Amino acid sequence: MGELQEWTSFTEFEHALTQPGPWIAGIDFPFGQSRTFIENTGWTQSWGGYVAHVASMDRQQFKQALVNYKAPRRDGDKEHRRATDIKAGSISPQKIYGIPVGLMFFEGAPRLLKSGVTIPKILKGDPQRIVVEAYPGILARTLIGRRSYKQDTKSKQTSDQLKARHEILHKITTGALQQSHGLSVIAPSELANDPGADHLDALLCATQAAWAWTNKDTNFGAPTNLDALEGWIADPAC
């Protein structure tokens, strides 16, 4: 049985990444950008190279680089998805408005590079500290379809979302992932109470990390045709 810890600063996140292993973590932000974007921008043609380039920018410079890239391009060819995003149904890691996963990449990927962790097939670091990209949305959709289950804005939080969260939790703790992920999950029911689903999403990410760990002898479940420039989401659907 584990415990739930909350980190509220990048300093705490950075500290956690440096803790001695062995451990594996599933973290919910895009670790990479699409090959199309990297090739078109002329950024270094390696994951570590272009992430180091991003690390040399401040937040405004990174945002402006994405804005400048999109400006002259036609609609439908402005924000590109990685192969793993297409399989997972996730949005482009270039996006900086709405759900700003591009900014999550900006803040997260350079910290992974600096920490010296291993990202299977992407970054060779400390073999005792393993990090994989997680995406709770694909796991939630597997369990309840496209029903809404979380909302940060209090006025938009509904009882249906609460029911959906509890349904997700009930299913994964009663064997729903045995066939797809080969896992049994034990978790307290109160994890589903958080309207923003941060606690539930953390459990889903941990589940994807656990699936990756069970596949450690086959590159932690990485696709055989993986594009190491882009990265991949740790889930059997990807």
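## Cavity lining, aromatic pairs and backbone exceptions

Phe31, Trp47, Ile119, Ile122, Val132, Glu133, Gly231 and Trp232 line the largest cavity. The model is a predicted one. The briefing below covers this cavity, the aromatic pairs, the surroundings of isoleucine 172, and backbone exceptions at glycine 21–proline 22, alanine 197 and asparagine 219.

**Internal cavity**

- The count comes to one cavity of 30 Å³ or more.
- The volume of the largest cavity is about 60 Å³.
- Its lining divides into six nonpolar residues, one polar and one charged.
- Glu133 is among the residues of this lining, and Glu counts as charged; Gly231 also belongs to the lining, and Gly counts as polar.

**Aromatic pairs and a charge over a ring**

- Eight aromatic pairs are present in the structure.
- One of them joins phenylalanine 37 and tyrosine 69 in an edge-to-face arrangement, with 4.9 Å from centre to centre and 75° between the planes.
- Because phenylalanine 37 belongs to helix α2 (residues 35–41) and tyrosine 69 to helix α4 (residues 59–70), this pair ties together parts that are 32 residues apart in sequence.
- Both phenylalanine 37 and tyrosine 69 are buried.
- Tryptophan 213 and phenylalanine 220 form a tilted pair, at 6.2 Å centre to centre and with 50° between the planes.
- The partners of this tilted pair fall into separate accessibility classes: tryptophan 213 has 37% relative accessibility and therefore counts as partly exposed, whereas phenylalanine 220, at 13%, counts as buried.
- Tyr50, Phe62, Phe105 and Phe106 are linked into a cluster by ring pairs.
- The face of phenylalanine 10 has arginine 111 lying over it, at 4.0 Å from the ring centre.

**Surroundings of isoleucine 172**

- Isoleucine 172 is located in helix α8 (residues 159–172).
- Its relative accessible area is 1%, so isoleucine 172 is buried.
- With neighbours within four places in sequence left aside, isoleucine 172 contacts Leu143, Leu177, Val185, Leu203 and Leu204.
- One of these contacts, valine 185, is 13 residues from isoleucine 172 in sequence, and the C-alpha to C-alpha distance between the two is 6.1 Å.

**Backbone exceptions**

- Most peptide bonds are trans, and most residues other than glycine have a negative phi.
- The peptide bond between glycine 21 and proline 22 is cis, with omega about 10°.
- Proline 22 is found in the loop between α1 (10–17) and β1 (23–27).
- Alanine 197 is not a glycine, yet its phi is positive, at about 60°.
- This alanine 197 occupies the loop between α9 (178–181) and α10 (198–214).
- With a relative accessible area of 0%, alanine 197 is buried.
- Asparagine 219, also a residue other than glycine, has a positive phi near 55°.
- Asparagine 219 lies in the segment after α10.
- At a relative accessible area of 40%, asparagine 219 is partly exposed, since that class lies between the limits of 20% and 50%.

Terms used: Residues are numbered from 1 along each chain as its sequence is written. This is a predicted model: local features need pLDDT of at least 70, side-chain atom pairs count only at pLDDT 80 or more; totals for chains, interfaces and linings use all residues. Side-chain values use heavy atoms; hydrogens and water are left out. Rings of Phe, Tyr and Trp (its six-membered ring) pair if their centres lie within 6.5 Å; planes under 30 degrees apart count as stacked, over 60 as edge-to-face and the rest as tilted. Helices (H or I, at least four residues) and strands (E, at least two) are DSSP runs, numbered from the N terminus. Buried means under 20% relative accessible area, exposed over 50%, partly exposed in between (1.4 Å probe, protein chains only). A charge sits over a ring if NZ of Lys or CZ of Arg is within 6 Å of the ring centre and within 35 degrees of the ring normal. Contact means heavy atoms within 4.5 Å. On a 1 Å grid over the protein atoms alone, a cavity is a set of points where a 1.4 Å probe fits but cannot get out, and a pocket is an open set with protein on both sides within 12 Å along at least five of seven lines; lining residues have an atom within 4 Å of a point. Grid points are joined across faces, edges and corners, and a volume is the space filled by probe spheres set on the points.
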